[in-house]
Structure formats: C-alpha cells, structure tokens
Amino acid sequence: MSKVILQSTLTCPQCGHAKTETMPTDACQWFYECEQCHVVLKPKPGDCCVYCSYGSVPCPPIQQRGAGKQHCCASETSIE
C-alpha cells in the first residue's frame, strides 16, 4: 500500500485561484470558500468532498480505497 498524500491543491472553478491545503483524515470536507472570489465550493455530483472534485489529490479515504470507490464517508447521501 502506498503512502497517503495529505496535501492537495484546490483550484477554484470560478476564478482559477489555487491554494494548497492539508486534507482532514477523519471527515469529509463538503464546503470550501475560495479566499480570492469567496465562492463556496461544494462536491460535484458523485464526489464525496471538495478535494475529490477540485483538488490535485483525492481525499485520504479515496486514496486508500482506490478511485473506483466514490463515497468515502459513512453517510453516502448526496450534498445538494
């Protein structure tokens, strides 16, 4: 098993601003506010968190389980 990467660069789809953040290992991050344009990012349909949708690296649980597993959280409900 390869080492889990905890740093991911989130890129805002609205303005293109990119910032490297440390991903949480114990919870999904469903919302992220862009520090440049202040849009609130939410996961795309089918993704479990903002890192899987807008990050350069998917969240730690997805890295551990593999890209074929779309939901990393205990609750597999969609966020609207």
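Which side chain meets that of K19 in a salt bridge at 3.1 Å, N to O? Keep that question in mind, everyone, and please remember that we are looking at a predicted model.

The partner is E35: the side chains of K19 and E35 form a salt bridge, with 3.1 Å from N to O. K19 lies in strand β2, residues 18-22, while E35 sits in the loop between β3 and β4, so this pair ties together parts that are 16 residues apart in sequence. If you are new to this, here is the background: side chains of opposite charge can pair when their charged atoms come close.

K19 has another partner to show you. The side chains of K19 and E21 also meet in a salt bridge, at 3.8 Å from N to O. The count of salt bridges comes to two, and K19, E21 and E35 are linked in a network. How open are these residues to the surroundings? K19 has a relative accessibility of 31%, which counts as partly exposed. E35 is partly exposed too, with a relative accessible area of 45%.

Let's stay in the loop between β3 and β4 for a moment. H38 is found there, between β3 (32-33) and β4 (40-41). What is the sign of phi at H38? It is positive, at about 70°, although H38 is not a glycine. That is worth a second look because most residues other than glycine have a negative phi. H38 counts as partly exposed, at 49% relative accessibility.

From that loop we step into strand β4, where V40 lies. V40 joins W30 and F31 in making a nonpolar surface patch of about 280 Å². The relative accessible area of V40 is 44%, so V40 is partly exposed.

Now for my last stop, S8, in strand β1, residues 7-11. Is S8 buried or exposed? S8 is buried, because its relative accessible area is 1% and the cut-off for buried is under 20%.

What does the side chain of S8 reach on the backbone of S56? It reaches the backbone nitrogen of S56, at 3.2 Å. The same side chain of S8 also reaches the backbone oxygen of V57, at 3.0 Å. Leaving aside residues up to four places away in sequence, S8 touches K19, T20, E21, M23, Y51, G55, S56 and V57. You will recognise two names from the salt bridge network there, K19 and E21.

That's my tour, so please find these residues in the structure and ask me anything you like.

Technical notes
Residues are numbered from 1 along each chain as its sequence is written. This is a predicted model: local features need pLDDT of at least 70, side-chain atom pairs count only at pLDDT 80 or more; totals for chains, interfaces and linings use all residues. Side-chain values use heavy atoms; hydrogens and water are left out. Helices (H or I, at least four residues) and strands (E, at least two) are DSSP runs, numbered from the N terminus. Buried means under 20% relative accessible area, exposed over 50%, partly exposed in between (1.4 Å probe, protein chains only). A salt bridge is a side-chain nitrogen of Lys or Arg within 4 Å of a carboxyl oxygen of Asp or Glu. Patches are made of residues with over 30% relative accessible area and no salt bridge: like charges are joined within 9 Å, nonpolar side chains (Val, Leu, Ile, Met, Phe, Trp, Tyr) within 5 Å. Accessible areas come from the Shrake-Rupley method with a 1.4 Å probe; for residues, only the protein chains shown count as cover. A polar contact is a pair of N or O atoms within 3.5 Å; within protein, one must be able to donate a hydrogen and the other to accept it, and residues adjacent in sequence count only if both atoms are side-chain atoms. Contact means heavy atoms within 4.5 Å.
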